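Take a look at the chain below. We will walk through its fold step by step, from the overall plan down to a single residue.

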Amino acid sequence: MLFDTNSYIIPSIMHQQLPKEIDPFRFAHSGLQIAGEIPVSKMSRLSEMLHDNSGTVSVDMQFDIDTTGTPYMRGQFAVTVNLLCERCMEPMTHSMNITTILALVRHEGKIEGLAEQYEPWILNDAKQVDPAQIVEDELILALPIVPKHDYPCLPEELWQAGEEEIEPEKPVSPFAVLSSLKLKK
Ligand SMILES: [Zn+2]
């Protein structure tokens, strides 16, 4: 078992607004927790992928070191966003509640040795990072590739036809062209 459940007893600091800058490695060594909210409108990369930028992300990050000595962050991010349904092209609400466990690594070269359950959070030489960045990254990754209402938002015959694979146009054979010319004569 890599996670020590007792670590949650370690005193934590709470913020209504997330701090702008943290040192994740120091946070892990001290077993710190941060929690707060980030308006979606503050996340420009995420906003670009949404129908609008309404919504607020609630963020909970617990930093710690596992029993093998790997510093990690266990994040819980929840938000309801508005997406555009690609079936009916109307807005739809989409709730996300993701839990992620990221190992803190300095360089890409360190990724290989990580235990399987980890995704890497590559920090390079950064001493201080904005925690909102990693929240935004993770939310972007969790967005549905093709957003669709979870009910038949269009009459079935309409959307079924619309979702069929479009066959690539067949090249017209020169013989077909010739025979059509002959018919015209
Ligand atoms: Zn729809």
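Two residues are in contact if their C-beta atoms, placed from the backbone, lie within 7 Å. Keep that in mind for later. Note too that this is a predicted model.

Start with the parts list. The protein has five helices and five strands. Read from the N terminus, the elements run α-β-α-β-β-β-β-α-α-α.

Now turn to the strands. Five strands make an open sheet in the order 1-2-3-4-5, and the pairing is mixed. Strand 1 and strand 5 (119-122) stand at the edges. Each has a single partner strand, so one side of each lacks a neighbour in the sheet. The sheet is not flat: on average, neighbouring strands are turned by 30 degrees against each other, direction ignored.

What holds strands together in a sheet? Strands pair through backbone hydrogen bonds, either parallel or antiparallel. Here, strand 3 and strand 4 run antiparallel, joined by 13 bridges. One residue pair to find is Arg74 and its bridge partner in strand 4, Ile101.

Next comes the core. The largest nonpolar core has 25 residues. Those with the most contacts inside it are Val57, Met73, Leu104, Trp121 and Val135. Which elements give two or more residues to this core? They are helix 1 (24-30), strand 1 (33-39), strand 2 (56-65), strand 3 (71-84), strand 4 (91-105) and helix 3 (131-142). Strand 3 gives the most, with five residues. As for the whole protein, 20% of its 185 residues count as buried.

Let us zoom in on Val57. This residue is found in strand 2. Is Val57 buried or exposed? A residue needs 20 or more other C-beta atoms within 10 Å to count as buried. Val57 has 24 C-beta neighbours inside 10 Å, so Val57 is buried.

Which residues does Val57 touch, leaving aside neighbours within four places in sequence? The contacts are Glu37, Ile38, Val40, Phe77, Val79, Val135 and Leu139. Take Phe77 from that list. Val57 and Phe77 are 20 residues apart in sequence, but 6.5 Å apart in space, C-alpha to C-alpha.

Finally, step back to the whole chain. Consider the contacts in the protein with a separation of 6 or more. Of these, 57% are between residues 24 or more positions apart.

Technical notes:
Residues numbered from 1 in each chain as written. Predicted model: local features only at pLDDT ≥ 70, side-chain atom pairs only at ≥ 80, totals over all residues. Core = buried A, V, L, I, M, F, W, Y, C linked by C-beta atoms within 7 Å. Buried ≥ 20, exposed ≤ 12 C-beta atoms within 10 Å, placed from the backbone. Helix = DSSP H or I, 4+ residues; strand = E, 2+ residues; numbered from the N terminus. Pairing = 2+ DSSP bridges. Axes fitted to C-alpha atoms, helices over the stretch in contact; angles between N-to-C directions.
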